[in-house]
Amino acid sequence: MSTYPAIFEAFPAKRLLVAGDLMIDEYLWGQTERISPEAPVPVVDIAREDTRLGGAGNVLHNLKALGAGVDVLGVVGSDAYGDELVQMLTELSVGTAGLLREEGRRTSRKTRIMAAHQQMMRIDRESRQAIGAETQERALAWIQSNIHCWDAIIISDYGKGLLTPRLLAALIDSGRQRGIPVLVDPKGSDYTLYRGATTITPNRKEASLASGITIDDEPSLLQAGRKLLQELDLEVMTITRSEEGISLFFEDGEEHIPTMAQDVFDVTGAGDTVISLMALCRASGLDFVECARIANAAAGVVVGKVGTSTASAEEILQRLQPQRSLASHKIKALPQLIPIVKQLRRQGKRVLFTNGCFDLLHHGHITYLQDARRQGDVLILGLNSDSSIRRLKGSTRPIIGQNERAQVLAALEAIDYVVIFDEDTPLELIRALKPQGLVKGGDYRPEQVVGREVVEAYGGEVLIIPFVDGSSTTGIIERILSNQKEREEL
């Protein structure tokens, strides 16, 4: 069996379809200190607004956080909210060819008014009716044209009208015929709509409702799980049980995966994380027990965060392999880092970027990186790969390999993320990450810094921080060689 790191390294090679109801979640944050003179209701003074992808969107975020390729099948209206949702998906680098526009439909938007550390009101603006016949035909045609592209299919049903019985049957039958796993996050109590799927992933309450069996102890859990497995012709029945972990039901027995959560702050979105990891792991050829074990570790990460969250590969690996270096979670491949940076920007963080070889780390480097970090909220370091350094500095360099250099740099408090690049310059990294600040050390002038035009074009800036005098990797290497030569001559 592959090691856990090798499993996660393979995720960017996988492409999944997420078919589900999309919506915009809007949060209005403010304070309330008075009652309206017009009616006995509190007046909320809004101080901050936040919008994010809701519904099936959190599954998309989970998959992109792990580097996977993702296409979405969804429906929006021909309204301004639909335009906004399309823009959100585009920024997430999700394939939107399967996003269907339907005239007269309202794009789902849920507005939550928050004050005094609680939700004061929720306003829903949406259409819930089933998609029209013409929209359904377009969806079916698109599925048949692209079914060969996907390694797994996730159905995220919120009951908002996309997933008609005919469309569900087409997704499940197409996946089954081609050997593509189809995983369903169900809605409602009629699970016959999902008959023939690879697995469905209800929580304990949902499974109780669908099976007609109140799950309040282990015998009732077993009875409900077995009933749903048999009635729905599933490969495996999955029931998520919150603090008690995940239970799997097979034709020849059961498997119970205990929870890996240490501190639970918010269970919002944990189910999306579970189905995302199970789908990715199944697409990678893992058996369902191992899929559930990894998904359970991921759920343990997200419930330890406040709000709907995602889990990075390194955070999950840290759960699975507690002995793993804590610094390792800072080392990211570019596909993993892009969605992280986008989320940081949405949170209002000032993201900075610097780069270099950092061969034989010395106190000048440390001082420079500490000064750089003070200029913003997050510092990303682009690290030249070994082959890049050989091209730039000759065949005798680097002294320290790229993986060791990355580990050492990631252990520094000043560094938030390290990404290794193989090109001679970090220009492609800068274009992909779009930092607000581009930091460079030494005697550079701003016009000499690679990526300056890119950063300044969208309103960013170049920051020059002088290196400490007398600190030079080349100088250190020359002194070492000189000392060695003197000893050999004695």
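**Where domain 1 meets domain 2**

Modeller: In this predicted model, domain 1 and domain 2 bury about 890 Å² between them, with 52% of that area on carbon and sulfur atoms.

Biologist: What makes this a buried area of domain 1 and domain 2?

Modeller: The value is called buried because it is accessible area, taken with a 1.4 Å probe, that the two parts lose on being put together, summed over both; the about 890 Å² therefore belongs to domain 1 and domain 2 jointly. On the side of domain 1, Ala-65, Glu-91 and Glu-314 lose the most area to domain 2, and together they make up 39% of what that side buries.

Biologist: How do you know which residues of the two domains are in contact, and how many are there?

Modeller: The test is heavy atoms within 4.5 Å, and by that test 13 residues of domain 1 are in contact with nine residues of domain 2.

Biologist: How many salt bridges are counted between domain 1 and domain 2, and how many residue pairs are in polar contact?

Modeller: A salt bridge needs a side-chain nitrogen of Lys or Arg within 4 Å of a carboxyl oxygen of Asp or Glu, so the count of zero says that no such pair was found between the domains. Polar contact, by contrast, rests on N or O atoms within 3.5 Å, and three residue pairs, both residues at pLDDT 80 or more, are counted.

Biologist: Which elements give two or more residues to the side of domain 1 that touches domain 2?

Modeller: They are helix H2 (57–65), helix H3 (80–91) and helix H10 (313–320), and the largest share, three residues, comes from H2. By class, this side of domain 1 has four nonpolar, six polar and three charged residues.

Technical notes. Residues are numbered from 1 along each chain as its sequence is written. This is a predicted model: local features need pLDDT of at least 70, side-chain atom pairs count only at pLDDT 80 or more; totals for chains, interfaces and linings use all residues. Side-chain values use heavy atoms; hydrogens and water are left out. A polar contact is a pair of N or O atoms within 3.5 Å; within protein, one must be able to donate a hydrogen and the other to accept it, and residues adjacent in sequence count only if both atoms are side-chain atoms. Helices (H or I, at least four residues) and strands (E, at least two) are DSSP runs, numbered from the N terminus. Ala, Val, Leu, Ile, Met, Phe, Trp, Tyr, Cys and Pro count as nonpolar, Asp, Glu, Lys and Arg as charged, and the others, Gly among them, as polar.
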